[in-house]
Amino acid sequence: MKTKQSKSTCVYCGNMNGATRDHIPPRCLFPKPKPINLVTVPCCETCRASQSADDEYFKNMITIRHGAAVEPQIIDSVHRSFVKPQKKGFTQALLDSMLKIDTYTRAGIYLGKASGYQVDLERLCRVIRRTALGLFFHKFGLRLPGDHTCAVYALDGFQNLDSASKETLETLINEATRPTPTTFGKKVFTYWFQTIEGGQFTTLWAFLVYSRVGFLALTGPPEDLERLLDSPRILST
């Protein structure tokens with residue numbers, strides 16, 4: 001059941017001066033014409049001003065990821081951004097982060113070394129967390145309560161898990177992607193959502209960006225999230 005909240009409340013920080021609107025997912029991910037079904041949520045100017053750099057980083061890092069299905073228009077915009085004078089610091093940081101990494105097929109067959117780059121996963125997760133909070137508001141009509149947590153995990157951060165942890169992650173992914181997905185653009189951004197056993201606002205989300213890069217998110221009281229992460233099989237019982 002939706003509980004209406006003031007349209008002037010920022011969905012991110014709770015500031016009552018949420019006078020502007022934020023697009024969810026970030027508009028910069030999409031080529032023109034932008035999708036008409038993007039969600040807009042109330043946002044204060046302070047939160048909005050701090051988001052653009054993270055959104056740009058998110059788009060750039062995921063666009064240049066091997067295997068990402070990205071529209072040529074977006075690829076061109078990323079390439080142009082690398083040569084802008086004001087972006088020299090970012091471009092140099094990317095070059096400095098280049099390294100050789102081991103590559104494997106999905107079946108685990110070793111393919112040799114390839115050029116890679118280091119990514120600030122925490123920064124990527126900030127964008128997804130904001131998106132989850134915005135979509136939470138869209139679903140429930142209010143911001144996530146202050147005593148609840150929104151935990152976000154980048155699936156690329158779990159490449160070296162032990163077998164038990166991999167099984168836990170697979171259980172979470174399988175459960176998270178059971179509902180019917182919602183897609184923005186031509187598979188630019190897809191998400192799955194469901195409420196799960198626990199508190200009123202205990203939810204599970206899966207996100208897929210450019211058909212390749214995945215994230216999981218959970219909201220709820222901290223004790224609910226800890227229980228779910230410890231025993232994800234309870235989701236399927």
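# Reading the predicted model through tryptophan 205

Modeller: Leaving aside residues up to four places away in sequence, tryptophan 205 touches Ala132, Leu135, Phe136, Lys139, Ala176, Tyr191, Trp192, Phe193, Phe215, Leu216, Ala217 and Thr219, where a contact means heavy atoms within 4.5 Å. This is a predicted model, in which local features need pLDDT of at least 70 and side-chain atom pairs count only at pLDDT 80 or more, while totals for chains, interfaces and linings use all residues. Residues are numbered from 1 along each chain as its sequence is written, and side-chain values use heavy atoms, with hydrogens and water left out.

Biologist: Which residues of the largest nonpolar core touch the most other members?

Modeller: This core has 44 residues, and those touching the most other members are Tyr12, Phe58, Phe189, Tyr191, Trp205, Phe207 and Phe215. They belong to a nonpolar core because that name is given to a set of buried Ala, Val, Leu, Ile, Met, Phe, Trp, Tyr and Cys residues joined through side-chain atoms within 4.5 Å. Among the elements that give two or more residues to this core are strand 2 (39-43), helix 2 (52-63), helix 5 (121-140) and strand 8 (203-209), and helix 5 gives the most, with 10 residues. A second, separate core has 12 residues, including Ala151, Trp192, Ile196 and Leu218.

Biologist: How many helices and strands does the chain have?

Modeller: The chain has 7 helices and 9 strands, which are DSSP runs numbered from the N terminus (helices are H or I with at least four residues, strands are E with at least two).

Biologist: What makes threonine 131 count as buried or exposed?

Modeller: Threonine 131, which lies in helix 5, has a relative accessible area of 0% and is therefore buried, since buried means under 20%, exposed over 50%, and partly exposed in between (1.4 Å probe, protein chains only). Apart from residues up to four places away in sequence, threonine 131 touches Ile24, Pro25, Pro26, Phe189 and Phe207. A polar atom of the threonine 131 side chain also lies 2.9 Å from the backbone oxygen of valine 127.

Biologist: Why is isoleucine 173 called partly exposed?

Modeller: Isoleucine 173 lies in helix 6 (residues 163-176), and its relative accessible area is 26%, so the residue is partly exposed. Not counting neighbours within four places in sequence, isoleucine 173 is in contact with Leu155 and Leu216. Over the whole chain of 237 residues, 43% count as buried.

Biologist: How many disulfides are there by the distance rule, and what is the count based on?

Modeller: The count comes to 0 disulfides, because a disulfide is a pair of cysteine sulfur atoms within 2.5 Å. The sulfur of cysteine 13 is 3.7 Å from the closest cysteine sulfur, which is in cysteine 44, and this is too far for a bond. Cysteine 44 is in no disulfide either, with the nearest cysteine sulfur, that of cysteine 47, 3.6 Å away. At a relative accessible area of 42%, cysteine 13 is partly exposed, whereas cysteine 44, at 3%, is buried.

Biologist: What is the phi of tyrosine 210?

Modeller: Tyrosine 210 has a phi near 55°, a positive value in a residue other than glycine. Serine 211, also not a glycine, has a positive phi of about 60°. This deserves notice because most residues other than glycine have a negative phi, and most peptide bonds are trans. Tyrosine 210 is placed in the loop between strand 8 and strand 9 and is buried, with a relative accessible area of 1%, while serine 211, in the loop between strand 8 and strand 9, is partly exposed at 36%.

Biologist: Which kind of peptide bond, cis or trans, leads from isoleucine 24 to proline 25?

Modeller: That bond from isoleucine 24 to proline 25 is cis, with omega near -10°, and the bond from lysine 32 to proline 33 is cis as well, with omega near -5°. Proline 25 lies in the loop between strand 1 (20-24) and strand 2, and proline 33 is placed in the loop between strand 1 and strand 2.

Biologist: Which element of the chain has the lowest mean pLDDT?

Modeller: Helix 4 (residues 88-96) has the lowest mean, 48, and strand 6 (residues 182-184) the highest, 95, on a scale of the predictor's confidence in each residue from 0 to 100. Over residues 93-99 the pLDDT is below 50. Where pLDDT is low, the predicted coordinates should not be read in detail. For the chain, the mean pLDDT is 79, and 70% of the residues reach 70 or more.

Methods. Polar contact = N/O pair within 3.5 Å; in protein donor to acceptor, adjacent residues only side chain to side chain.
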